[in-house]
Amino acid sequence: MATDLRVPTHSIVGPDKDTFLDEANPFEAMMLRFDKAAELLDLEPGLYRVLRHPEKQIIVSIPVMKDNGEVEVFTGYRVLYNTSRGPAKGGIRFDMQVTLEEVTALAAWMTWKCAVVNIPFGGAKGGVACDPRSMSASELERMTRRYTAAIIQTLGPDSDVPAPDVNTNERVMAWIMDTYSMHVGHTTTAVVTGKPVEMGGSLGRREATGRGCMIVTKEALAHLGMPVEGTTVAIQGFGNVGSVAALLLHQEGCKVVAIGDRSRCIHNSKGIDIEDAIAWHARHRTLDGYPNGEIISGSDLLTLDVDVLLPAALENVITTRNAASIRARIICEGANGPTTAAADSILDEADVFVIPDILANAGGVTVSYFEWVQDRGGYFWTERLVNDRLRDIMVNSFNDVLTLARQHRVNMRTAAYMLAISRVATVHRLRGIYA
Ligand code: NAD
């Protein structure tokens with residue numbers, strides 16, 4: 001079994017502060033980076049206070065009639081962190097770990113992510129604390145519809161547009177779209193993204209996050225004067241993001257030497273045949289038993305001597321415990337929050353070029369934006385057009401962040417936060433404070 005590398009919840013002394021910080025706490029991780037960027041931007045105190053607060057936090061009770069006739073009540077959340085630049089955008093997750101604090105951090109993250117790639121959305125996130133694996137399909141459907149009804153005031157193509165996240169998918173999006181449409185009295189496809197293509201989803205959405213990772217990895221290689229051909233890559237996570245990024249990088253000429261999922265990590269110094277690994281995974285739904293490579297541990301995968309490390313599974317896998325052992329020249333953060341704030345400075349000292357999550361995995365929300373545009377226009381694009389426009393946005397965003405990083409002599413993460421915060425702050429200044 002691959003080791004679960006997430007740091008246990010414990011307190012450490014923060015890198016820049018003498019207060020005790022929880023290295024694994026997503027809200028604190030986000031706020032540390034926000035504070036650093038805000039200070040460099042010399043953000044005025046009033047605006048700083050505004051941007052540190054979520055706009056709206058909704059907590060709802062969701063009574064659900066179970067198949068056995070019993071009633072269970074779940075707690076659901078929807079947080080709109082900031083909508084100054086446009087409708088709130090962010091996924092909905094069904095998971096036992098969902099808390100208001102986590103959802104708020106993720107909603108803030110979405111705000112900065114949408115701003116980094118300059119799409120006209122604010123940031124949101126939602127979730128229901130539940131164990132979807134223990135529920136039947138009809139229980140899940142009833143819970144989804146009741147949750148949608150409970151937060152319906154916030155939802156809408158002009159106000160708040162959910163998407164899939166942990167343990168939610170196209171099917172769940174279809175239920176949300178249907179419930180919303182029944183309430184407003186007409187079919188409204190643009191109320192959610194990540195829908196099935198047959199009902200207003202976008203071509204290329206499924207591959208968009210992994211494709212975005214491939215694009216920015218190539219940009220980073222070019223920036224560092226490294227060739228694409230033969231570049232060695234290790235990828236943690238073989239789901240939507242990891243497997244697509246692996247395939248596309250492989251097709252571009254990179255040598256993917258390690259892949260891993262929650263069951264097994266594989267290393268093959270000659271390069272893994274990714275088409276073959278994907279076909280195996282599609283048949284077995286796991287990498288467990290995949291024969292073409294030696295088995296390594298999850299922690300060894302992260303510290304392999306490769307050019308590019310692409311964490312695409314979990315948050316908090318690169319921490320103060322292992323950051324100094326990372327040997328990759330580039331880290332492309334496919335996952336959200338794979339690196340703790342405390343590990344940032346260790347990677348900086350080792351001159352690791354980190355493409356931060358809010359840039360690296362923004363391909364998904366970018367194509368969600370394309371989906372929303374197509375739904376609203378009622379005119380659908382070819383996959384080639386989707387991919388071309390995605391490439392333009394990812395390349396431009398990478399270069400915007402790189403330019404800022406050079407100007408201010410900061411790393412790519414701080415530059416990405418600076419870019420995002422300055423874009424949101426500019427709109428706040430233009431709009432003023434309504435009284
Ligand atoms: P997924 O559920 O499709 O895949 C997750 C993968 O991680 C699976 O292969 C799973 O086996 C693996 N994994 C789980 N625990 C592991 C462990 N301990 N060690 C090694 N591998 C492990 O999820 P996804 O959609 O690919 O998302 C992955 C990450 O990317 C998440 O952090 C998610 O928030 C982020 N992300 C996803 C998208 C998207 O469009 N799917 C967009 C932005 C960010």
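The following exercises, with worked solutions, treat the ligand site, the strand pairing and one salt bridge of a predicted model.

Residues are numbered from 1 along each chain as its sequence is written, and side-chain values use heavy atoms, with hydrogens and water left out. Because the model is predicted, local features need pLDDT of at least 70 and side-chain atom pairs count only at pLDDT 80 or more, whereas totals for chains, interfaces and linings use all residues.

**Exercise 1.** Describe the shell around the ligand and its polar contacts.

*Solution.* Begin with the shell: 19 residues surround the ligand, and the closest are Thr209, Phe238, Asn240, Val241 and Arg262. A residue is near a molecule if one of its heavy atoms lies within 4 Å of it. Next, sort the shell by residue class, which gives six nonpolar, nine polar and four charged residues. Here Ala, Val, Leu, Ile, Met, Phe, Trp, Tyr, Cys and Pro count as nonpolar, Asp, Glu, Lys and Arg as charged, and the others, Gly among them, as polar.

Then examine the polar contacts (pairs of N or O atoms within 3.5 Å). A side-chain N or O atom of threonine 209 is 2.7 Å from an oxygen atom of the ligand. A backbone N or O atom of arginine 262 lies 2.9 Å from a ligand oxygen atom. The protein buries 77% of the 830 Å² that the ligand exposes when taken alone; the areas come from the Shrake-Rupley method with a 1.4 Å probe.

**Exercise 2.** Determine the strand order of the seven-stranded open sheet and identify its edges.

*Solution.* Two strands pair if DSSP finds at least two bridges between them; strands are DSSP runs (E, at least two residues) numbered from the N terminus. The order is β11-β10-β9-β8-β12-β13-β14, with mixed pairing. The edge strands, each paired on one side only, are β11 (294–296) and β14 (353–355). Within the sheet, β8 (residues 232–236) pairs with β12 (residues 308–311) in the parallel sense over four bridges, and alanine 234 stands opposite leucine 309 in β12.

**Exercise 3.** Explain which parts of the chain the salt bridge of arginine 376 and aspartate 158 ties together.

*Solution.* A salt bridge requires a side-chain nitrogen of Lys or Arg within 4 Å of a carboxyl oxygen of Asp or Glu. The side chains of arginine 376 and aspartate 158 meet this at 2.6 Å, N to O. Arginine 376 lies in helix α12 (residues 363–377) and aspartate 158 in the loop between α4 (137–150) and β7 (160–164), so the pair ties together parts 218 residues apart in sequence. Helices are DSSP runs (H or I) of at least four residues. The whole structure contains 22 salt bridges.

Note on methods: Polar contact = N/O pair within 3.5 Å; in protein donor to acceptor, adjacent residues only side chain to side chain.
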